[in-house]
Structure formats: structure tokens, C-alpha cells
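Colleague: I'd like a close look at one part of this model, with enough background to place it. Please keep it plain, since I'm at the bench most days.

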Amino acid sequence: MALRFEPIRPEFGARVSGVTLNLGISDPAFSEFRRALDEYSVLVFPDQPMSDSQQIDFSRLWGPLEPTKGVNPASGTFFARQSNLDIATGTIISTSDRRMDYQRGNYQWHADSTFKRIPSLCSILTAREVPSEGGNTEFVSTRAAYEAKTEDERRELDSLTVEHDFSVSRGRVGFKFSPEEAAHYPPVWHPLVQTNPVTGRRSLLIGAHAAAIVDWPAEKGAALLAHLLDRATRPELVYSHRWQVGDVVIWDNRSVLHRATAYDTVNRRRLMQRTTISNPTVLETPAYRQIETRRLSIVAS
Ligand code: OGA
Ligand code: MN
């Protein structure tokens, strides 16, 4: 069967068929996937169940994996678990447990790992257990959001730097890091506008972790970030993925935002396992070099 990409929305997303990921992927097929991610931003592979080691092998094709650190229950592995299940016992965690407050952070629109100095290229999420209702993952395109701006607006956006801060984003849902935990996540800077090196198309790096515009008064920066997010995430622009066990979804963290939708965390089980591919080479681009020079000059003064 031939590899096929069926678009999901006009702006982004494609459903991929004609491949069995666990049978190994030829170089030409992988080149097609890589090209498709640049074009579609979200790739849905229905019914491709993977073991942990198969997910790791598949993920490594895309680039270096981020190790999971800190508060996520899968800390110390290459997986991030989005789940209401205790990692050791497999039983449902009480809603008042701090770990569930942490999970609720994912109900906010975000791109993964923007609170890290080295940003992420893409994430790969596999559905292991899904609730009968709710627990979708929703996506919007920040490339479409950028491209909808006028030329003057784009010129201003192109010049801005954003501070991303994990303590701020988890704080928005009432989750507080201990001082030791917070020390793992100092605020970091990224260009607001990201340029895809293959297509040249631009997108906005915004979402829950975006806390401030560098050099702007706090209120003015927060207002612009809230406005951009609001425009980008209008309901008619959303693709909501209803999971089946065995689905694999890959998204480009440079050009889409995503969020989890609510589900009955008391009576239903959900286990999603993510690998995150990092994008260290972007730090060599002029936009990132400029930011780093600026940051170092401030640290030194
Ligand atoms: C993630 C995430 C959303 C979900 O894995 O990065 O935000 O629906 N997941 O679990
Ligand atoms: Mn996420």
C-alpha cells in the first residue's frame, strides 16, 4: 500500500496511512514524514500500537530525545506521562494529589518545552489507555495565526523576544513548584517568530509558558501575548483529536499549540506517553545567536 497523507484542515494536519511504523521505516519513507511535518505540522498515524522501546526507536529517527526531568512522573526516562494513573501501581491517583494539579497544566494551550533553553522540534504522543469520553488533544496552527497578520503587524512581531517561564505557566493552574524544583527551570528567551528552515514559513512561539515580552512593561507584554493566543485559538481553528488506543500523533512544537481536554479523572483511566525531540541546531541561527549575545551581556553587567 502506498504512503498517503490526507489533509485534516486547510491550515494544518494530515492523516497518514500506507505504513506500519513497527516494521521499520525506509529512508525514503522517513524523508516523506519529515517533509510532511514541515508542511502539515501535525501527523496522525491511526492504529499503530507501539511498545516503549518501539516508541523510542521511532522517536530517535527525528532527532535527539529530551530526557524527562523534574516533576513529571516519568522523570529519569525519555517519556513524559500524561495520565491519572500512578506509575508504580497503575491505580487512579486522587484528584487532590499534587500530581493531578500538575497534569491540569496541560489543559492550557501550549507548545512543549518552550520553557527550556533548547526548544523542541516535535513531540510524539502514543495512546496507551483512553477514557470513553473527553481526554482529546486539541491543536491550532500558530503559522496560520502569523500568516493572518498584516505586513506591518508581522514586522513588529518579527522583532520581539519572549520570556518563557514554567513556574508562571504551572502557577496559572494553581500549581506551585518548591524552591528546589523552581531552580531547575530558570526563565528562558526565544524569538516570538520562528522560521521553518525548509519552507521559510513563519509561526508564533506562544502559549502558557510565554510569560513576558523582553524589554516591554509586564502588563503590555502580557496583554499582547494574551491577544495573540486568543486570536490563534478561536474555536473554528481547532482540530480536536479523539484518541483510539494505538494512535500515534506527531506535532511540530514550532508551529502548533496543543492542549488536553478534560475527562472524568476519578472514574476513567487515561495513559498517554510522549517522547520529545529537541532542536539544538536552531540555537545556531542568527535569531537565537542575537538573543544569546543579549542575554550574556545582561548577565555580565
Ligand atoms: C503532551 C500534552 C496533551 C494530552 O503530551 O505534551 O500536552 O492530551 N498532552 O495529553
Ligand atoms: Mn504538551
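What share of the 301 residues of the protein counts as buried? After that, please zoom in on helix H1 (residues 27-40) and the loops beside it, and finish with the manganese ion.

Modeller: First, the ground rules: this is a predicted model, where local features need pLDDT of at least 70, side-chain atom pairs count only at pLDDT 80 or more, and totals for chains, interfaces and linings use all residues. Residues are numbered from 1 along each chain as its sequence is written, chains are lettered from A and ligands numbered from 1 in the order in which they are written, and side-chain values use heavy atoms, with hydrogens and water left out.

To your question: 50% of the 301 residues count as buried. Buried means under 20% relative accessible area, exposed means over 50%, and partly exposed is in between (1.4 Å probe, protein chains only). The radius of gyration, taken over C-alpha atoms, is 19 Å, in agreement with the value near 19 Å for a compact globule of 301 residues; that rule is 2.2 Å times the number of residues to the power 0.38. The C-alpha atoms fill a box of roughly 50 × 45 × 35 Å along the principal axes. There are nine helices and 15 strands, which are DSSP runs (H or I, at least four residues, for helices; E, at least two, for strands) numbered from the N terminus. Of the contacts with a separation of 6 or more, 80% join residues 24 or more positions apart, a contact being heavy atoms within 4.5 Å.

Now for your helix. Phenylalanine 33 sits in H1 and is buried, at 0% relative accessible area. Leaving out residues up to four places away in sequence, phenylalanine 33 touches Leu3, Phe5, Val16, Val19, Leu21, Ile25, Leu43, Phe45, Phe58 and Trp62. Aspartate 52, by contrast, is 19 residues from phenylalanine 33 in sequence but 21 Å from it in space, C-alpha to C-alpha.

Just past the helix, serine 41 is in the loop between H1 and strand E3 (42-45). Its phi is near 70 degrees, a positive value in a residue other than glycine, and serine 41 is buried, at 0% relative accessibility. Aspartate 47, in the loop between E3 and helix H2 (52-60), also has a positive phi, about 55 degrees, without being a glycine. This aspartate is exposed, though, with a relative accessible area of 59%.

On the other side of H1, threonine 20 is in the loop that comes after strand E2 (14-17). Threonine 20 is partly exposed, at 43%. Threonine 20 and aspartate 47 are 27 residues apart in sequence, yet 9.2 Å apart C-alpha to C-alpha.

Last, the manganese ion (ligand 2): His110 (NE2), Asp112 (OD) and His258 (NE2) are its protein donors, 2.1 to 2.2 Å away. Donors are N, O and S atoms within 2.8 Å of the metal (3.2 Å for Na, K and Ca), and water is not among the atoms, so sites may look incomplete. The spacing of the donor residues in sequence is H-x1-D-x145-H. Aspartate 112, in the loop between helix H3 (98-104) and strand E5 (120-129), and histidine 258, in strand E14 (residues 256-260), are 146 residues apart, so the pair links distant parts of the chain. Both are buried: aspartate 112 has a relative accessible area of 3%, and histidine 258 has 4%.
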